[in-house]
Amino acid sequence: MRKDSFSKFKNLIKKAGKIVIVTHWSPDGDAMGSSLALYHYLKSLKKTVNVVVPNEYPEFLQWMPGNKQVLVFEKDAAKVTKLINKADAIFTLDFNTLKRIEKLGAEIEKSQAPKIIVDHHQQPDNYASLYFHDVKACSTCELIYDLIVGLGGKKQIDKKIAACLYVGLMTDTGSFRYSSVNSKTHLIISELLKTGITPSDIHSAIYDTYSESRMKLLGYALSEKMKILEGLPVAYISFTEAELKKYDYKKGDTEGLVNYPFAIKGIKACALFNEGEGGVKVSFRSKGKIDVNTFARKYFNGGGHINAAGGKSYESLEKTVAKFISLAKELV
Ligand code: 5GP
Ligand code: MN
């Protein structure tokens, strides 16, 4: 855990007129939820705030309050670069290394503005001047909640902020079922619900949004593509680019898929491999002490959390999967 004092955060925010919030490549519910919650909070303090993401995010996150103000670096590089150059402070949320934001990382590195890390991933890099980091937090949204409350902003947590925070807490805990969930998680949710948000509506907006082809891709994955390694409590699913294309793959369509094999009794680690333009995107999930963060760092150019990590492979899909199969013994 590395947390600077609230007075340091207060001073920094007080001095900063223009603030940029950045989150990671392929933003998920926690990335967007934490960024937009902080956006609304800082706006309530009369700051000029911009949320910047490296690339597009799934449609099921595009209803969130503040969504229209989000700038995508891949689409709007000149505007984003200008905002970063002019920023008095840059918050980087839900990631631990500038490598996670690809080319946007170079722009952030060039900027003289103080950087702030708010994150719950393992082993954060050293680029920031202020930290609000805790690997025990179930989500970056939990940390943003703590930060807002610690800054004396509990009263500012309105329906908009609560909805954004709810999304991150819900998605990063697999709807409140992972081992990261504790009484504090539910206490925060209880406070958020007091603002009048409707959990069932948020749940539906995130999860009940499959296209027909996404649902069929899920069926295909489970019936044809899921493999269990012989003699090991390990399962994996892999897709070629052509298979994804056949099912009209859209960003986010394989989100959550990596977890399905856990429903099989005894499975303790799962992997998902998606072949794409720039290589193979890899996802790992595990139970208990099985450390997929170390595994992803060591072998697949990635990292994340002990029980949820991702990475990339620049070898062919076939070679990547073969590498995983040969190394899987190390996992368990
Ligand atoms: P996912 O498998 O859902 O893409 O990611 C699982 C976790 O690992 C997330 O918390 C994500 O931030 C992290 N992660 C995913 N891909 C990478 C990567 O390429 N590098 C690092 N360092 N972390 C990743
Ligand atoms: Mn997160």
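Two strands count as paired if DSSP finds at least two bridges between them; strands themselves are DSSP runs of E with at least two residues, helices are runs of H or I with at least four, and both are numbered from the N terminus.

A word on the model before we start: it is predicted, so local features need pLDDT of at least 70 and side-chain atom pairs need pLDDT 80 or more, while totals for chains, interfaces and linings use all residues. Residues are numbered from 1 along each chain as its sequence is written, chains are lettered from A and ligands numbered from 1 in the order in which they are written, and side-chain values use heavy atoms, with hydrogens and water left out.

**Exercise 1. Work out the strand order of the open six-stranded sheet and say how its strands pair.**

Step 1: get the order. The sheet reads β8-β9-β10-β11-β13-β12, with mixed pairing.

Step 2: look at the edges. β8 (226-228) and β12 (303-304) each have a single partner strand, so one side of each is left without a neighbour in the sheet.

Step 3: walk through the middle. Strand β9 (residues 234-239) runs parallel to β10, with six bridges between them; tyrosine 236 has alanine 271 in β10 as its bridge partner. Next, β10 (residues 269-276) and β11 (residues 279-286) are antiparallel and share eight bridges, one hairpin of two residues joining β10 to β11. Here cysteine 270 is matched with arginine 285 in β11. β11 is also antiparallel to β13 (residues 308-313), over six bridges, and phenylalanine 284 sits opposite alanine 309 in β13.

Step 4: add the helix. α9 (residues 212-225) lies across β8 and β9, at about 125 degrees to β9 (axes are lines fitted to C-alpha atoms, for helices over the stretch in contact, with angles from 0 to 180 degrees between N-to-C directions; contact means heavy atoms within 4.5 Å).

**Exercise 2. Check the length of α2 against its expected span, then ask how enclosed the helix is.**

Step 1: the expected span is 1.5 Å times one less than the number of residues. For the 16 residues of α2 that gives 22 Å, and the end C-alpha atoms are 22 Å apart, so the two agree.

Step 2: 14 of the 16 residues are buried, so α2 is largely enclosed by the rest of the structure. Buried is under 20% relative accessible area, exposed is over 50%, and partly exposed is in between (1.4 Å probe, protein chains only).

Step 3: check the flanks for odd backbone angles. Serine 26, in the loop between β2 (18-23) and α2 (29-44), has a positive phi of about 50 degrees without being a glycine. Serine 26 is partly exposed at 29%. Just after α2, lysine 46 has a positive phi too, about 65 degrees.

**Exercise 3. Find which residues coordinate the manganese ion (ligand 2) and where in the chain they come from.**

Step 1: list the donors, meaning N, O and S atoms within 2.8 Å of the metal (3.2 Å for Na, K and Ca); water is not among the atoms, so sites may look incomplete. They are Asp30 (OD), Asp94 (OD), His120 (NE2) and Asp172 (OD), at 2.2 to 2.4 Å.

Step 2: write the spacing. It comes out as D-x63-D-x25-H-x51-D.

Step 3: place two of them. Aspartate 94 is in the loop between β5 and α4 and aspartate 172 in helix α6 (residues 159-172), 78 residues apart, so this pair links distant parts of the chain. Both aspartate 94 and aspartate 172 are buried.

**Exercise 4. Count the aromatic pairs and classify two of them.**

Step 1: the rule. Rings of Phe, Tyr and Trp (its six-membered ring) pair if their centres lie within 6.5 Å; planes under 30 degrees apart are stacked, over 60 edge-to-face, the rest tilted. The whole structure has 13 pairs.

Step 2: phenylalanine 6 and phenylalanine 132 are tilted, at 5.8 Å and 45 degrees. Phenylalanine 6 is in α1 (residues 6-15) and phenylalanine 132 in β7 (residues 130-133), 126 residues apart. At 32%, phenylalanine 6 is partly exposed, whereas phenylalanine 132 is buried at 2%.

Step 3: phenylalanine 295 and tyrosine 299 have centres 5.4 Å apart and planes at 70 degrees, so they are edge-to-face.Both are buried, and they are four residues apart in helix α11 (residues 292-299), about one helical turn.
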